[in-house]
Amino acid sequence: MDNYIKQIIHQKIKQQVNSVKMIGKGASGSVYEICCDGNPSKIAIKISKFYDLLQEEYNMLCFLSEQTKAKIP
């Protein structure tokens, strides 16, 4: 999984990944902390087993972030 994450981060934001650490795991997926050389220096990434569930969560977070001034990841 670490190599997959490193590849995706490099493709998407052109960052060199220094470390990958699992910081959470649930029934539908896992969350990883990614430490990089550049800015941002830390990234959290969620990898889900269920695309539809992840898409629904993404849509809810987008909606919430539009409704408040508080920062929501």
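Is Glu57 buried, exposed or partly exposed? Glu57 counts as partly exposed, because its relative accessibility is 29%, a value that sits between the 20% limit for buried and the 50% limit for exposed. Keep that residue in mind, since we'll come back to its partner after a look at the whole fold. One caveat before we go on: this is a predicted model.

Let's start with the overall layout. The protein has two helices and three strands, and if you walk along from the N terminus you meet them in the order α-β-β-β-α. The C-alpha trace spans about 35 × 30 × 20 Å along its principal axes. Of the 73 residues, 19% count as buried. The accessible surface comes to about 5800 Å², and carbon and sulfur atoms account for 55% of that. As for how the chain is tied together, take the contacts between residues at least 6 apart in sequence: 17% of these join residues at least 24 apart.

Now for charge. There are 10 positive and 7 negative side chains in the protein, and the centres of the two sets lie 5 Å apart. How many salt bridges does the structure hold? It holds two.

One of them brings us back to Glu57, which pairs with Lys46; their closest N and O atoms are 2.6 Å apart. This pair links distant parts of the chain, with Glu57 in helix 2 (residues 51-67) and Lys46 in strand 3 (residues 42-48), 11 residues apart. Lys46 also counts as partly exposed, because its relative accessibility is 32%.

The other bridge joins Lys42 to Glu33, and here the closest N and O atoms are 3.8 Å apart. That still makes the cut, because a salt bridge needs the nitrogen within 4 Å of the carboxyl oxygen. Lys42 counts as exposed, because its relative accessibility of 54% is over 50%. Glu33 is partly exposed, because its relative accessible area is 23%.

Glu33 is worth a longer stop. You'll find this residue in strand 2, which covers residues 29-36. If you set aside residues up to four places away in sequence, Glu33 touches Ser19, Val20, Lys21, Ile23, Lys42 and Ile43. So the salt-bridge partner Lys42 is among the residues that Glu33 touches, and strand 1 (17-25) supplies Ser19, Val20, Lys21 and Ile23. Lys12 is another matter: 21 residues separate Lys12 from Glu33 along the chain, and their C-alpha atoms are separated by 16 Å.

Just before strand 2, look at Ser28, in the loop between strand 1 (17-25) and strand 2. Is Ser28 buried or exposed? Ser28 counts as buried, because its relative accessibility is 18%, and the limit for buried is under 20%. Beyond its neighbours within four places in sequence, Ser28 is in contact with Ile47, Ser48, Lys49, Phe50 and Leu53. Among these, Leu53 falls within the residue range of helix 2 (residues 51-67).

Finally, turn to the nonpolar side of the surface. Which residues make the nonpolar surface patch of about 320 Å²? Leu61, Phe63, Leu64 and Ile72 do. Phe63 has its place in helix 2, the element that also carries Glu57 of the bridge to Lys46.

Terms used. Residues are numbered from 1 along each chain as its sequence is written. This is a predicted model: local features need pLDDT of at least 70, side-chain atom pairs count only at pLDDT 80 or more; totals for chains, interfaces and linings use all residues. Side-chain values use heavy atoms; hydrogens and water are left out. Helices (H or I, at least four residues) and strands (E, at least two) are DSSP runs, numbered from the N terminus. Contact means heavy atoms within 4.5 Å. Buried means under 20% relative accessible area, exposed over 50%, partly exposed in between (1.4 Å probe, protein chains only). A salt bridge is a side-chain nitrogen of Lys or Arg within 4 Å of a carboxyl oxygen of Asp or Glu. Patches are made of residues with over 30% relative accessible area and no salt bridge: like charges are joined within 9 Å, nonpolar side chains (Val, Leu, Ile, Met, Phe, Trp, Tyr) within 5 Å. Accessible areas come from the Shrake-Rupley method with a 1.4 Å probe; for residues, only the protein chains shown count as cover. Lys and Arg count as positive and Asp and Glu as negative; His and the chain ends are not counted. The place of a charge is taken as NZ of Lys, CZ of Arg, CG of Asp or CD of Glu.
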